[in-house]
Structures are given as structure tokens and as C-alpha cells.
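Let's take a walk through the strands of this model together. Keep the view open as you read, and follow along one strand at a time.

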Amino acid sequence: MGYIDMHSHILPGMDDGSRNMPQTLRMLEIAVSEGISTMIATPHNMPGKGCPPVSVVHRKVDELRKTVEQEGIPLEIVAGTEYYYREEVLDILEDGDVVTLGESDCVLVEFEPMAERNYIRNAVRNILGTGYRPVIAHVERYAKLMEDISVLSDMRKNGILVQVNAMSVTGDNGRQAKKDVRSLLKKGLVDFVATDAHSDGRRAPFMEKCADVLYKKCGVQYADRLLFGNAEEFLL
Ligand SMILES: [Fe+2]
């Protein structure tokens, strides 16, 4: 069983992630060498970065899946999207015009880094009201939320799920991100680690170093859940 990377920008030419198919294939090779066996492609849905229609996301995922098969790359590719939260997202969800994570009712949602705690709390409540389950993307990025993580703890009790970036676990996103993520992990407030890979360079799909940290710091059971168990249970 390999790792499941449930947040990645591997679809070529869709957003600020992979530029083209050759870069995507280099990213996938790295992913395989890092022990990843499933990747959920989560292109941005964000004004300014791209808001691809649902049909386009599925078509691009199908095309990539075919290429992966032809190239003999041992990876499963699954469709998803990373929604930048704004009012319009609620309309999108109410209309059901949405790419969830895999076949699940989970929707990956990001906010602007300085979003207020209350704003995030209201947003996830609104999303739950549409019948979908929000997964907060790279939660360590929201400084105001990190100031009082009891709010996050309450939100998790209401059914939301939480993702952190692998590079924040390892310290490659700076000292503050590492400190915040480690304290979330200690309190068991994280559901998934993912690469949020954007390229085959600095932001490649690196997972192995993060996995080493998790198995050392969190114990086998929790590390397994963070790296593949929860994704298998909730998203696939
Ligand atoms: Fe992302």
C-alpha cells in the first residue's frame, strides 16, 4: 500500500501547477519514487488562477490517466478540485456543479492566508449546510486560525476534515509552519498530509521525508491514517 496524495496540481496547463505534460510526467515519476500510489489532482478553482468547468477537469483527468497507463507509471489518478472560498462556492455546491475529492462528498477548500477565524468558521458551516463536507487545505497557512486552534477543534467535531502540507511537517515551509503543524499533530487535529505539489522542482510531490517524521513523532497508527488510511476511508 502506497501513500495517497490528496492535494496536488499535476494536471498540465490548468493553473499555476504543472506547465505541460512532460513536467507532469516528471512530477509523477518523483511521486512514485516517494512511495505515492494514488494522487488526487486538485486544480485551483479561484478567480485569477482558473475556474475550469467540471467537464474540463474530468476530461483532463481522463487524458492523464490514459497517458499514465501508456507510460506504465504505477499511479492511480483521481479527480478533485481546490476551491478558493467565496460566496459563489456555495452556489456551485448547491447546484451540484462540483468536483469533489474522488467519489466522496468531501470538498477541498482554501482561504486567503489572513482570513479571520470567524470567517473560516462561518464558511465551513455554510458548506456543511449545502450537504458537502469541507476539507480545509493546508490549515497551517491561516495565521489567525493558528492563534486559537480550539476553534479548529470545534470545527472538526462538526465533521470537517483537515489537511496539512508535507513540506510544513518537515520544516521546508519555514519554522512557524513546522511549529504549528507539529502542535496540531500532537493534538490529533490533522486528518491528511498531502504534497500540494506544483512542479518537479522545489514544490515537487515529496512525501518520504514527511513520512519519516510522522512515523517517528506520531506513531505507526496515526501516521498510517495521515498518509493513506483516512484518504482511503473518507475520499476514495
Ligand atoms: Fe493547492
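Two strands count as paired when DSSP finds at least two bridges between them. The model you are looking at is predicted. With that cut-off in mind, start at strand β2, residues 36-41, which pairs with β4 in the parallel sense over four bridges. To find this pairing on screen, pick Ile40: its bridge partner in β4 is Val78.

Now widen the view to the sheet that these strands belong to. Three strands make up an open sheet, ordered β1-β2-β4, with parallel pairing. Because β1 (3-8) and β4 (76-79) stand at the edges and each has a single partner strand, one side of each is left without a neighbour in the sheet. Going from one strand to the next, the twist averages 20°.

Next, move along the chain to strand β8, which covers residues 161-165. Which strands does β8 pair with? One is β7 (residues 133-136), which runs parallel to β8 and is joined to it by two bridges. Here Val135 stands opposite Leu161 of β8. Another is β9 (residues 192-194), also parallel, with three bridges joining it to β8. In that pairing, Val164 has Val193 of β9 as its bridge partner.

Finally, are the residues of β8 buried or exposed? Five of its five residues are buried, so by the count of 20 or more other C-beta atoms within 10 Å, the strand is mostly covered. Leu161, Gln163 and Asn165 point one way from β8, while Val162 and Val164 point the other way, and all are buried.

Notes
Residues numbered from 1 in each chain as written. Predicted model: local features only at pLDDT ≥ 70, side-chain atom pairs only at ≥ 80, totals over all residues. Axes fitted to C-alpha atoms, helices over the stretch in contact; angles between N-to-C directions. Buried ≥ 20, exposed ≤ 12 C-beta atoms within 10 Å, placed from the backbone.
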